[in-house]
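Work through the exercises below with the structure open. Try each task before you read its solution.

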Amino acid sequence: MVATMIATIRKKWYYAAAIGVSLFLASASQAPAADAPSFARQEDVIYGRKDGMALTLDVITPKEKANGAAVVWVISGGFFSAHEAINPGFVVELLKRGYTVFAVVHGSQPRYTIPDAIADMNRSVRYIRFHAKDFKIDPQRIGITGGSAGGHLSLMIGTGGTPGNPKAADPVERASSRVQAVACFFPPTDFLNYGKEGVVAMGTGVLSGFQAPFEFRELDPKTRAYVPIADPARRLEIGRQISPLTHVSKDSAPTLIIHGDSDTLVPIQQSERIMARFKEAGVPAQLVVKHGAGHGWLTIALDMPTIADWFDKYLRESKDQSSRP
């Protein structure tokens, strides 16, 4: 009885939070079978562990004409992440052009928060770069993509990826988590100015249906129990830290964003704000506006050539790219 109730609750969470992922992948099956390249898929590669559990990714490799570059595909919608949401059909265009795709599953809400997901994504990029020879990729030609929450996490890596720790005992942690290009769909970029200046949306307002990812916690040293962070000032500081816009610098990766101007969940203002910041920092960036489109659209797979074009431009072998950290 209890097991059935738990299963039902989990199922409800899956369908409620996976809407973003579902929209993002909705049209993948429309790609004609004859157009699909031959690829190999290695499932459940463990890129890290936490709380006694494995963090996994799938490696999707084209069998012909691999170009040596990689694209990290963030599997996330509403900050919910699950292996079941990986649909290789969606990345056909990337595989056709020779990219090795790494579909990364991060620690999912409701158990884990946005800072946890960001840490997982940093770990995944470090792991991929450290094992570049094993995957037959160039460690200096790594891009990242995703939609909605996956777009947000892509931008967090593109703007906030960090060098490795040379003193780390784990050799993976010595590798950089920076990427050389970002191309993503409709991402949140500034939770403290959401839709309008000064509007905070951290599980509130238009994001009130996504409270769990913003339930920040810390370990109480006395009780050794996790307790909520309730102090408003501290929550705002965390909100700033998890907003990609605040991390933009001249070293941020070249970024493409595709966003619908009728999106009510993630207002296009979010993409416009970060584009302005990229311009100020001198970072190559482009916003493609889908007129009349909301938070996802049924023909979204038809926009993947635009994503692939961006990666072709910034992940091709060149002196400039090979010199990026």
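Two strands pair if DSSP finds at least two bridges between them. Helices (H or I, at least four residues) and strands (E, at least two) are DSSP runs, numbered from the N terminus. The model is a predicted one, where local features need pLDDT of at least 70 and side-chain atom pairs count only at pLDDT 80 or more, while totals for chains, interfaces and linings use all residues. Residues are numbered from 1 along each chain as its sequence is written, and side-chain values use heavy atoms, with hydrogens and water left out.

**Exercise 1. Strand 5 and its neighbours**

Task: Find the bridge partner of A70 in strand 5, and then describe how strand 5 is joined to strand 3 and strand 6.

Solution.
Step 1. A70 has I142 of strand 5 as its bridge partner.
Step 2. Strand 3 covers residues 70-75, and 4 bridges join this strand to strand 5 in the parallel sense.
Step 3. Strand 6 (residues 181-185) also runs parallel to strand 5, with 2 bridges between them. I144 has its bridge partner, V182, in strand 6.
Step 4. Helix 6 (residues 149-160) completes a right-handed β-α-β unit with strand 5 and strand 6. A crossover is right-handed if, with the strands pointing away from the viewer, the path from the first strand over the helix to the second runs clockwise.
Step 5. Now look at the two faces of strand 5 (residues 142-145): I142 and I144 on one side are buried, and so are G143 and T145 on the other. Buried means under 20% relative accessible area, exposed over 50%, and partly exposed in between (1.4 Å probe, protein chains only).

**Exercise 2. A hairpin**

Task: State in which sense strand 7 and strand 8 pair, parallel or antiparallel, and which residue in the turn has a positive phi.

Solution.
Step 1. Strand 7 (residues 217-220) and strand 8 (residues 225-228) are antiparallel and share 4 bridges.
Step 2. One bridge partner pair is D220 with A225, the latter in strand 8.
Step 3. The two strands form a hairpin with 4 residues between them, and R224 in the turn has a positive phi of about 60°.

**Exercise 3. Salt bridges**

Task: For D120 and K50, E173 and R123, and D251 and K250, give the N to O distance and say how accessible each partner is.

Solution.
Step 1. Side chains of opposite charge can pair when their charged atoms come close. A salt bridge is a side-chain nitrogen of Lys or Arg within 4 Å of a carboxyl oxygen of Asp or Glu. The whole structure has 17 salt bridges.
Step 2. D120 and K50 form a salt bridge at 2.9 Å, N to O. This pair links distant parts of the chain, 70 residues apart: D120 is in helix 4 (residues 114-130) and K50 in strand 1 (residues 39-50). D120 counts as buried because its relative accessibility is 4%, and K50 is buried at 18%.
Step 3. In the salt bridge of E173 with R123, the closest N and O atoms are 2.8 Å apart. E173 lies in the loop between helix 6 and strand 6 and R123 lies in helix 4, so the pair ties together parts 50 residues apart in sequence. E173 is partly exposed because its relative accessible area is 27%, whereas R123 counts as buried at 17%.
Step 4. D251 and K250 meet at 3.5 Å, N to O. D251 counts as partly exposed at 48%, and K250 is exposed at 65%.
Step 5. Salt bridges that share partners also join E93, K96, R97, D309 and D312 into one network.

**Exercise 4. Far in sequence**

Task: How many Å separate the C-alpha atoms of T100 and F39, and those of A69 and R316?

Solution.
Step 1. T100 is in strand 4 (residues 100-105) and is buried, with a relative accessible area of 3%. T100 and F39 are 61 residues apart in sequence, and their C-alpha atoms are 9.4 Å apart.
Step 2. A69 lies in the loop between strand 2 and strand 3 and is buried, with a relative accessible area of 0%. A69 and R316 are 247 residues apart along the chain, and their C-alpha atoms are separated by 7.7 Å.
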